[in-house]
Amino acid sequence: MSWWSEPRTSTAPPAVIGHRGAPDLATENTRRSFELAMSAGVDVVETDVRLTADGHIVCFHDDDFQRLCGRPERVDSVPLSEARAIFPDLLEFDDFLALTGQFPIVVDTKYAGEREIDRFVGAVEHHGALARSLFTAYSPERAQWLRDRCAQANIGIFFLEGVDEIVSARAVGARWIRVLPTDHEPAAVDGFRAEGLLTISVASALAVLGTPSERADLERLVALGIDGVIASKTQFAVEVYSNISAVTSE
């Protein structure tokens, strides 16, 4: 059975999803970041994927190198060799899939087009990693592209706002849905659960898209019954939820 299709109980602390690895301990989306996240005890690691100009899939969040490297070049405008010259720690997606072994992963496709999604899913299939992977979809069109490309793909509905996520989840057979701060209410989460959906939160109640970094934020997600939390302070999140598990099991 896929990790993404296993049953979860609403009373269990959320699974910790390492946001781009462990970005508080090492540069995001790098080999070291993912290694540290897995060593810290996360349940899942998340990465972003993009294509270079010569068609290599790399683990990188932004569309350009400005934030991390102070360079304006777009990832899709340079070949892999030049991208590595700009960012020496750049990790290819194939190497990420090998590194994570049988570990559950989130593959964040961001705003990929249909051609890119075909490449991303194909790489996961090639590595035999389909069952352990969840592909994010940021629009109904992208969710449908994922489903059309692969009937077995695990899809996460990660819309920002303005679209009925439940309708789209039903349309493509998605089981996971991202809960934004505007839905950080018991009635909203219970509504998702009533539809058979499992929930992921990527934001604290006081943030728009920032991951929860305070104990109160993490504990609030437990009270809401969120199933998975994407955390940038991975070790901290693991410790908080491990302590909650220890108390509830006594």
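**A colleague's note on the predicted model**

1. Let's start with how the chain holds together. In this predicted model, residues 24 or more positions apart account for 57% of the contacts in the chain with a separation of 6 or more. Buried residues make up 52% of the 250 residues.

2. Next, the overall build. The chain has ten helices and ten strands. Its radius of gyration is 17 Å, close to the 18 Å that the globule rule gives for 250 residues, so the chain is as compact as a globular protein of that length. Taken along the principal axes, the C-alpha atoms fill a box of roughly 50 × 40 × 35 Å.

3. Now for the surface and the charges. About 10,800 Å² of the chain is exposed, and carbon and sulfur atoms supply 50% of that area. Counting charged side chains gives 23 positive and 38 negative, with the centres of the two sets lying 2 Å apart.

4. Asp62 deserves a look on your screen. Where does Asp62 sit? Asp62 is in the loop between strand S3 (57-59) and helix H2 (66-69). Although this is a loop residue, Asp62 is buried, with a relative accessible area of 14%; that follows because buried means under 20%.

5. Which side chains make polar contacts with the side chain of Asp62? One is that of His61, at 2.5 Å. Another is that of Arg67, at 2.8 Å. Leaving out residues up to four places away in sequence, Asp62 touches Arg50, Arg67 and Val75, so you may like to display those three along with Asp62.6. Asp64 lies in that loop too, between S3 and H2. Is Asp64 buried or partly exposed? At 22% relative accessibility, Asp64 counts as partly exposed, because the buried class takes in values under 20%. A polar atom of the Asp64 side chain lies 3.0 Å from the backbone nitrogen of Gln66.

7. What does Asp64 touch, leaving aside its neighbours within four places in sequence? The contacts are with Pro72, Glu73, Arg74 and Val75. Val75 also appears in the contact list of Asp62. Ala37 is 27 residues from Asp64 in sequence, and their C-alpha atoms are 24 Å apart in space.

8. Two backbone angles are worth a glance. Most residues other than glycine have a negative phi. Arg20, however, has a positive phi near 60°, and Asn29 has a positive phi of about 60° although it is not a glycine.

9. Where do Arg20 and Asn29 lie? Arg20 is in the loop between strand S1 (15-19) and helix H1 (31-40), and Asn29 lies in the loop between S1 and H1 as well. Arg20 counts as buried at 12% relative accessibility. Asn29 is buried too, with a relative accessible area of 1%.

10. Moving along the chain, Ser201 is in strand S9 (residues 198-201). How much relative accessible area does Ser201 have? The value is 0%, so Ser201 is buried. The side chains of Ser201 and His184 are joined by a polar contact of 3.2 Å.

11. The surroundings of Ser201 can be listed as well. Leaving aside neighbours within four places in sequence, Ser201 is in contact with Val179, His184, Leu221, Ile226, Gly228, Val229 and Ile230. Ile17 is 184 residues from Ser201 along the chain, yet their C-alpha atoms are separated by 9.8 Å.

12. Finally, a pair of histidines. His126 is in helix H5 (residues 114-126), while His127 is in the loop between H5 and strand S6 (133-137). His126 is exposed, with a relative accessible area of 67%, because exposed means over 50%. His127 is partly exposed, at 32%.

13. Which residues does His127 touch, leaving aside its neighbours within four places in sequence? They are Asp94, Leu97 and Ala98. Leu97 also gives a reference distance for His126: the two are 29 residues apart in sequence and 9.9 Å apart in space, C-alpha to C-alpha. His127 and Asp63 are 64 residues apart in sequence, and 25 Å separates them in space, C-alpha to C-alpha.

Methods. Residues numbered from 1 in each chain as written. Predicted model: local features only at pLDDT ≥ 70, side-chain atom pairs only at ≥ 80, totals over all residues. Heavy atoms only, no water. Helix = DSSP H or I, 4+ residues; strand = E, 2+ residues; numbered from the N terminus. Buried < 20%, exposed > 50% of the residue type's maximum accessible area, 1.4 Å probe, protein only. Polar contact = N/O pair within 3.5 Å; in protein donor to acceptor, adjacent residues only side chain to side chain. Contact = heavy atoms within 4.5 Å. Rg over C-alpha atoms; globule rule 2.2 N^0.38 Å. Areas by Shrake-Rupley, 256 points an atom, 1.4 Å probe, with all protein chains shown as cover. Lys, Arg positive; Asp, Glu negative; His and termini not counted. Charge placed at Lys NZ, Arg CZ, Asp CG, Glu CD.
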